[in-house]
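User: I'm new to reading protein structures. Could you walk me through one, feature by feature?

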Amino acid sequence: MKSCPKTKAGYINVHLVPHSHDDVGWLKTVDQYYYGDNNKIQLGAVQYTLDSVVEELKKSPDRRFIYVESAFFWRWWTNQDAEMQEIVTRLVNNGQLEFILGGWVMIMNDEACSHYNSIIDQMTLGLRFLNETFGECARPKVAWQIDPFGHSREQASLFAQMGFDGLFFGRLDYQDKEFRKQNKDMEMIWSASPNNLGNASWLFTGALYNGYNPPDGYCFDIFCEDDPINDDPKLSGYNLVEKVNNFINIAQDWAEPYDTGHVLMTMGSDFQYMAAHTWYKNLDKLIKYVNRKQITNSSRVNLLYSTPSCYLQEVNKSKRPLSVKKDDFFPYASDPHAFWTGYFSSRPTLKYFVQKANNFLQVCKQLAVGAFNGHPPQKIVDSVRDFSEPVGIAQHHDAVSGTAKQHVTDDYSLRLTVGMKSCESVVDKAFRKLQHASLNEVQAESNEFPRSFSNGLSTTYEFCQLLNISVCTASETMSDFVVSVYNPLARDLQNAYIRIPVSSPLWDVQGQSGLISSQIVNIPQPVLGIPGRRSKALYELVFSVDSLPGLSLSNFQIRKNTTEHVHSLKIKSQLKAIKKGGRVIHSSASNLAAANLREDFMIKNSNGLAIVFDSITGLLKSVIKGSVEVPVEQNFYFYLGMAGDNSKFEKRASGAYIFRPNTTGSQPSPITERVFSYQVYKGSHVTEVHQVFTEWISQVIRLYDKTDLVEFEWMIGPVPVEDNYGKEIITRYSTDIPTKGVFFTDANGRQLKHENVSGNYYPVNSRMVISSNEDLSQDQLSLVVLNDRAQGGTSMNDGEIELMLHRRLLFDDAFGVGEPLNETAYGTGLVARGKHWLLLAGEGTGVPISKHREAAQNIFMDKIMGFADVSLLQHNEYSFMRNAVSTRNPDLSARNTMVSGLVQVLPTNVHLLTLEPVSPTQFLLRLEHFYEKREDPVNSEPVTISLEALKQALPSVKSIMETTLGGNQWIEDLKRFEWIPRTVQENANEHVSVVQGAIVLHPMEIKTFLVNT
Ligand SMILES: [Zn+2]
């Protein structure tokens, strides 16, 4: 057990915490920061920091250092020889070197823009690395989010479930901070999941006094200009008396709002300690001389080298009752004109990439376990890790947040792309293996096929990662191919729609039950014109599948059809539609005045969902579901970004971090009052309205035949800035639902939070909800908008949902990045394309409000398609594939399934959050109850899963053990500090959670297991 330094009762104990804040990319790339290249941009070389700190720690057992960013530490550690590794291990074991937080990225992931799936993954990667390298002694007990720009209670709840004893952060709203200082409320209990997990989600939370910096005058780094402590009276510049007395005053000031006789002082800052002796030499002196004053009784201040966990131990011992906080620390304002809400939406294409990367990574992880029967070769495990690392790094508070320099952002994208290639090879192998396994079974039964496929299919799969701009080289160039669709949900996906970009209009689609009806839709002109888009695709082939079985592959064969007489009925109608550019039922392109005479037009689907358009403006006018019609106008608007030189608060510019419209409190201007043109394409699977608003904004509003969701696919850019104004583009859904200024946003894609400061922007990871009642467990009318990436959102006016889609700005906001957020690509402003889904629910609609849970999950765990050229298959394989896709035998698809048993074992309210290889003989399993309490009469109930049934459903299980959320501690060893709330709290957690031989999951609960195979 590591020892903490001794403190003195009756004194102000100042815990000096030497630390370095090492961003995993910001102004320089992660590798540049590690090695120290590109120092003309910023001095920073983490390798020297670690070299230097270790040398200094060796000199005195009193000295301490905390280290946070595993991604850097791992780089350094693997370059050390055995001797150095031994020294470091000793420093870890005796408590001199303490790991804090422990996530991979930096551990310090962004809290506004990161999805909970990615937060858990990146933390797990870092925590398990520390565990495997140093064992229990290195397990971080304290979370350290000193730099992120606002804090989310879901993040705190996840930390609690990872077993952390406390959380410290540096940034909170400047007014809130003042208030807390005055009221001695800088430390609190954060009840981070108050409606669901109760005490289990309590997390001690401390706001640091001065961000993460040392007091003025006491920065002893080579980067700093403060004078060193000169204790030689013979020399000029002797300043000991002054330095000591000053420090004693500062210590008293800092300690006051904490009121326990202890205060944590952060001695370090960004990329400091590259020459660690300058720090330690001066801190040694400071401690010696300040403490010497105790002898003469002239001071009650006691300095000590310490760490956050040692500090926290003392605070816990003090038994000071703490206030209880239940909401978020968003938005964060650092001065009256600096609201850090721009980054919720900055760099929309990177944010999308990060979300899609997580989607593909989860598929890769699942298949690496399932397709290899729980025993993936080490190479497969390594390939998964090759993608896990960049996806982890992308969660950094300067990565997914969009607040890094452009070249660093490009580096994040490059890392994601390279990592994705590794996982593509895993998914390809897995797909072929699953096909092969199923092929063997068919052979065994029928003898029809020769046993010749020992290595799986002889073709490889292509994965089209640009489907969001309707590009897929494989499907555009092949004339006979198989598309294998993997559904990563542990439940069957009903009424799924498949869209495939193609270059010509005539196709046959063959599915399990024979020929499937399909539809051809034109790709909108603005999409064809996206700068840099290289594609032959002019159409998208659309077909529907009644059910995609969970955790399974489903095959479809797509063949070019040149003989028109085959299936003439379908094709003729399609041809007709195509010749006329689709079956256009309304077009306002030429003359809107004439449209005055027309009636509004309506599009319906067979789920009783209908959307009505105003034929004069071409805008959405209302949405009808069941017996309810709600006026919903949707349009695009812009704010002019504030220009400024940041010379004072009033001159703060809107930038990568800050959202500041040029006239505060003003409403945004519509881009246009009516659409420039619209076209309606009608078909049996989908009806689409293609709207063009301006040269740089277009949209497709899409109604699939069997769905409760209206899909909006928006496209924005290049945002014009020739007028020298930066612009921030939003969309609004305006309804007449009486919301009384209340709206709901999600926290990191999980808990819903109640917001009531209209006009404040909040992070929206997955959805926003407005409703006619503040209690969402009632059946009142509600409107949900789901999104496909993190965005900022608000409700400026009653009944309204506003989301920011794109930002192009011409000034830097002076928080360090040093570049205006002016993204360009292919010589012009960056174009972004993305989706929203609108869901009308509650009273009269026949749709439960809780439907958003399932819908959001379908989005972040979207199906993945692989394309294989049939002409490359051997003859017998070809026969098989034909057979596989056309057989009516329902068992066949079940055979393509990995761990299909899980689908039967898991109740509908339980999500398979993680199935991830750890080694060739171990994997991690996470099961999540993904509903909140009272949200749904059935799905919000606790569930019990038989352990035996679970074992049967998983591949090759030898043993299964529950761990904490980070997978680095057995659950029975979990012991966290207890805290005393200032006021009596309801305990929401009084429930049975241990049932012999079974797993019990309560609302919002996640259970993690380490499985040996
Ligand atoms: Zn930072």
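User: Let's start with one residue. Where does Ala156 lie?

Analyst: Ala156 lies in helix 6 (residues 153-161). Helices (H or I, at least four residues) and strands (E, at least two) are DSSP runs, numbered from the N terminus. Before we go on: this is a predicted model, so local features need pLDDT of at least 70 and side-chain atom pairs count only at pLDDT 80 or more, while totals for chains, interfaces and linings use all residues. Residues are numbered from 1 along each chain as its sequence is written, and side-chain values use heavy atoms, with hydrogens and water left out.

User: Is Ala156 buried or exposed?

Analyst: Buried means under 20% relative accessible area, exposed means over 50%, and partly exposed is in between (1.4 Å probe, protein chains only). Ala156 has a relative accessible area of 1%, so it counts as buried.

User: Which residues is Ala156 in contact with, leaving aside its neighbours within four places in sequence?

Analyst: Contact means heavy atoms within 4.5 Å. With those neighbours set aside, Ala156 touches Trp190, Ala192 and Leu203. You can also look at Phe204: it is 48 residues from Ala156 in sequence, yet their C-alpha atoms are 9.3 Å apart in space.

User: How do I check the length of a helix, say helix 9?

Analyst: The expected span is 1.5 Å times one less than the number of residues. Helix 9 (residues 276-292) has 17 residues, so it should span 24 Å, and its end C-alpha atoms are indeed 24 Å apart. Its buried residues include Trp279, Tyr280, Leu283 and Tyr289. Among the elements covering the buried residues of helix 9 are strand 1 (12-18), helix 2 (46-59) and helix 8 (240-255).

User: Now a strand. How many residues of strand 41 are buried?

Analyst: 6 of the 6 residues of strand 41 (residues 864-869) are buried, so the rest of the structure largely encloses it. Look at its two faces: Ile864, Gly866 and Ala868 are buried on one side, and Met865, Phe867 and Asp869 on the other.

User: Which strand is joined to strand 41?

Analyst: Two strands pair if DSSP finds at least two bridges between them. Here 6 bridges join strand 13 (residues 480-487) to strand 41, and the two run antiparallel. Val483 stands opposite Phe867 of strand 41.

User: What about aromatic rings? How many aromatic pairs are there in the whole structure?

Analyst: A pair of rings is described by the distance of the centres and the angle of the planes. Rings of Phe, Tyr and Trp (its six-membered ring) pair if their centres lie within 6.5 Å; planes under 30 degrees apart count as stacked, over 60 as edge-to-face and the rest as tilted. The search of the whole structure finds 55 aromatic pairs. In one of them, Phe73 and Phe99 have ring centres 4.9 Å apart and planes at 75 degrees, so the pair is edge-to-face. Phe73 is in helix 3 (residues 70-77) and Phe99 in strand 3 (residues 97-99), so the pair ties together parts that are 26 residues apart in sequence.

User: What are the relative accessible areas of Phe73 and Phe99?

Analyst: Phe73 is buried at 1%, and Phe99 is buried at 4%. Helix 3 is mostly covered too, with 7 of its 8 residues buried.

User: And how many helices and strands does the protein chain have?

Analyst: The protein chain has 22 helices and 48 strands. Of its 1013 residues, 64% are buried.
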